[in-house]
Structure formats: structure tokens, C-alpha cells
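Subject: Handover of a structure and notes on what was found

Dear colleague,

Please find below the structure that I am handing over to you. My notes follow directly after it.

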Amino acid sequence: MFREASADRTLAEVPLSHLSLELGHLYMEDFAGGEAQLRAHFERVAPWADAARRIHAAQLAARHEELLAARAGAPSRGSGDGRSGSGPRGDAESGGGRLSGDSGSGSGRMRGNPEPRSVRPPPPPRPRVSTCFLIDDYFGEVGSPREVLPGLIRAAEEAGVAIDYLARESACARAGDTSPAELLLGRLVPDPPPGANGSRPPATVNGWLCNGQRSPAESAEAMEAHRPWRPPAQNGVKRHSIFVDVQLWDEDDEHRRTWSCPFLAAVWQLLRLGVLRDGPDPVLVAEPWRGGFPDAWADLPPLTRLTDTRAPFGAYRTLSILPGRFLPVEQAVRTILEQVATAPDVAAQLRARAEGEGVELPAEIVDRAEYVFVGAGSARL
């Protein structure tokens, strides 16, 4: 009986933070302005990073309270019942909830008996938030790590944010013997438009992925028949379409492939979410770095840990704080993420772990990625 080579291997448990916070993605020209320009970037990012940490901590605490209330059989705060102290902490500390061990069957306590000691519910989980930065060493030279990274790290720290993990964009295309981009390509399940007959090559062959139905190509036959032009249409649209068509790669005359920026950015999101695997194994494992940096990017690990953080690189959710010029790129990224099929065992593992930690995990991958766009400028596609 045939079995895949990975069928007998245990699916690896990828360490996960609650939130992966991306502090930027810059081009060569962004580094040309020196540390002052880099510091200005991180100063724009820092308030949003601080706000994200506070908001995420509040969300975790609220979720924790909801779960405690559900276990105690009491409504959580904000449930609309109007009762004061109806949350699990108020109930437990006042002796009015099930967390205190009160069975609720007696109308009062016997005189002379000591008041039972109230049971304080466990505190909410401490948020695990890691920061990361993606550096473009794939589409162009940004100087050597020895020249670029000390100033980058210093500018971030002076602005009040620290970069925990540094990733090379080229590693989204290839990391050692593994191509994360090819792994993503193998997980694409394009959403066919109504009436599709399979005559058009799939996205995995022609390198274009869209969110609906393209305008029909003008053929000699169609022109002779005077068929009217038909606009493209978005799948599942309510009324007006926002049609997106994404180029995944191009090739040179020798069929050497160059992956597009949106496709590599989609790989980047899936790596941060712990969704993309090489069989049962994680694709990238962070390696700590101490001392001076090398002269060549290829001598730096695909994913480098720069600090002593205990928060893992991967996370249940991601938040990317990016210059506004990346808005069209990330719209394309979301179009790709909407058409990715997670391996069933990976999806089940992530759901089970999220439930075990009391983390609310959106069912759709695309809904686990959030953004803040700051500043302006034009992105290179």
C-alpha cells in the first residue's frame, strides 16, 4: 500500500505567540537616507505598535473573562444584562458565582460559621507579542548586512521599538533546500468563476490569480460575431465589483522564475501564522545571532532572532504596520490568502491549540492578518 513519506511523521508543534507585529518592510531607497530616515519610519510605527499591544492585551483579557463566565454559568461583562458585578471576577470575589464553590442550593449561611474564603479566578494570560522586520534582499541590493543592520536596529531601539526577528525576503523564495514559494503554490485552490469550463490554464500554470471572472479575450471569431464587451466581475459580489488580478511570477527567456512581491508577501504572512509547513516540519526556524554581521545576505540565516525575547516568531494573528504605498500589494496578498487551502492536520492542530489557550482563532486565514498603513509613497510591484 502506498503512503506518503511524511504520513508516518508526527506533525511538529510550532511555537506560537498571540500576535506577530511587523514593524516595516523597506526598499533600498529607504536605506539611502541613513539612520535619520530609518528613525523617522520607526517613530511613525511606534505609537501604533504600542496601541496594538494594549488592544491585544485587552482583547485577551476580555476573552479570558468570557470563558471564566461561561464555566461559572454567569454572563460576562458587557453581555447586556445590566447587573453590576456580573463578570466572573465580581461573582467569584463576592461569593455569588460558581467559581467560589457555592452550589447555589442554600438560601443563606448558618450563623456562627465562618465566611468561606473567596476563590480568586486565575489572571488573564500574559500576551505573547513578537516583532519582526522583512528586509528586501530579493529584488535589489540594499547594501550588506554589516552596513545596514546596525543602523536599522539602533534606529528602531531609539524610537522605542525593538526588532525581535529579522527575515530575508529571498528566504520566502528559497531557504536552503526548501522553496516556501513552491509550497504555497501547491496549497493554492483558485476560486473558479460561475460558468468556468476549464479552458483557461489554472493560476498554478499561467501565474495569474484573480478573485472573479476576467473580461473575455477578443478573438477573431468574437469580433466577427460582434459580441459585446463584458467587464470583469468579482466572485460573490453584492453589487459593484472590486476585481483584482494578481501576477504570481514572471520568467526570463530561459524559464527562470522570479516571484512577485505580493506572492512572497503572502508566503511571509503564512510563515508568521504558522500555517505553511514543509510536510510535518516548520519551514523556517529562527536562529539567534550574536556579534558582528556578515558581508553577504546569504551568510545570514533566513530567519534571525536579534533579541532575547521568549515570544515565538509565529503567532495566531499578525498585524503589519506598513507605509501606505503597500496598500495595493497587501490587497493582492489578501486575494491570494483567500484561495489557500491549509493542510487539514495543520488546521486541526492550530484550532486545538487556540481552544486550549482560550484564543479566538478566525476560521479563514485571511481574517487572521490585520494591517495599519502609515505615511504615503508608491510601492514597487
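I begin with His255, which counts as exposed because its relative accessibility is 61%, over the 50% mark. Please note that this is a predicted model. His255 sits in the loop that runs between β8 (249-251) and β9 (257-259). Its backbone also deserves a mention: phi of His255 is near 65°, a positive value in a residue that is not glycine.

The chain as a whole

The chain has 381 residues, and buried residues make up 44% of them. It contains 11 helices and 15 strands. Taking the contacts between residues at least 6 apart in sequence, 77% join residues that are at least 24 apart.

Contacts between distant parts of the sequence

Three residues illustrate such contacts in detail.

Arg146 belongs to helix α4, which spans residues 145-158. With a relative accessibility of 48%, Arg146 counts as partly exposed, since this value lies between the 20% and 50% limits. Once its neighbours within four places in sequence are left aside, Arg146 is in contact with Phe293, Pro294 and Asp295. One of these partners also has a polar atom close to the arginine: a polar atom of the Arg146 side chain lies 3.3 Å from the backbone oxygen of Phe293. The C-alpha atoms of Arg146 and Ala296 are 8.1 Å apart in space, although the two residues are 150 residues apart in sequence.

Asp137 is placed in the loop between β2 (129-135) and α4. Asp137 is buried, because its relative accessible area of 16% is under 20%. Its side chain reaches the backbone nitrogen of Glu169 at 3.1 Å. Apart from neighbours within four places in sequence, the residues in contact with Asp137 are Arg168, Glu169, Ser170 and Trp297.

Thr307 is found in the loop between β13 (303-305) and β14. Its side chain and that of Asp164 are joined by a polar contact of 2.8 Å. Leaving out neighbours within four places in sequence, Thr307 is in contact with Ile163 as well as Asp164.

Cysteines

How many disulfides does the chain have? The count is zero. As for individual cysteines, Cys132 is buried, with a relative accessible area of 1%. Cys261 is likewise buried, its relative accessible area being 3%.

The cavity

Rolling a probe the size of a water molecule over the atoms shows where empty space is left. In this model, the count comes to one cavity of 30 Å³ or more. The largest cavity holds about 70 Å³ of space. Its lining consists of Glu22, His25, Ala265, Trp268, Gln269, Ser320, Leu322, Phe326, Val329 and Glu330. Two or more of the lining residues come from each of β1 (17-26), α9 (261-272), β14 (315-323) and α10 (327-337). Which element gives the most to this lining? That element is α9, with three residues. By character, the lining of the largest cavity divides into five nonpolar, three polar and two charged residues.

Helix α10 merits a further remark, as Val329 and Glu330 from the cavity lining are among its buried residues. The others that are buried in α10 include Ala332, Val333, Thr335, Ile336 and Leu337. The buried residues of α10 pack against α6 (180-185), β4 (208-210), β7 (245-247), α9, β14 and β15.

The second largest pocket

The second largest pocket contains about 420 Å³ of space. It is lined by 19 residues, and those nearest its centre are Ile55, His56, Gln59, Arg317 and Glu370. At least two lining residues are supplied by each of β1, α2 (34-72), β14 and β15 (369-374). The largest share of this lining comes from α2, which gives 10 residues. The lining of the second largest pocket divides into 11 nonpolar, three polar and five charged residues. Strands β1 and β14 therefore appear in both linings, because each gives at least two residues to the largest cavity and at least two to this pocket.

Yours sincerely,

A colleague

Technical notes
Residues are numbered from 1 along each chain as its sequence is written. This is a predicted model: local features need pLDDT of at least 70, side-chain atom pairs count only at pLDDT 80 or more; totals for chains, interfaces and linings use all residues. Side-chain values use heavy atoms; hydrogens and water are left out. Helices (H or I, at least four residues) and strands (E, at least two) are DSSP runs, numbered from the N terminus. Buried means under 20% relative accessible area, exposed over 50%, partly exposed in between (1.4 Å probe, protein chains only). Contact means heavy atoms within 4.5 Å. A polar contact is a pair of N or O atoms within 3.5 Å; within protein, one must be able to donate a hydrogen and the other to accept it, and residues adjacent in sequence count only if both atoms are side-chain atoms. On a 1 Å grid over the protein atoms alone, a cavity is a set of points where a 1.4 Å probe fits but cannot get out, and a pocket is an open set with protein on both sides within 12 Å along at least five of seven lines; lining residues have an atom within 4 Å of a point. Grid points are joined across faces, edges and corners, and a volume is the space filled by probe spheres set on the points. Ala, Val, Leu, Ile, Met, Phe, Trp, Tyr, Cys and Pro count as nonpolar, Asp, Glu, Lys and Arg as charged, and the others, Gly among them, as polar. A disulfide is a pair of cysteine sulfur atoms within 2.5 Å.
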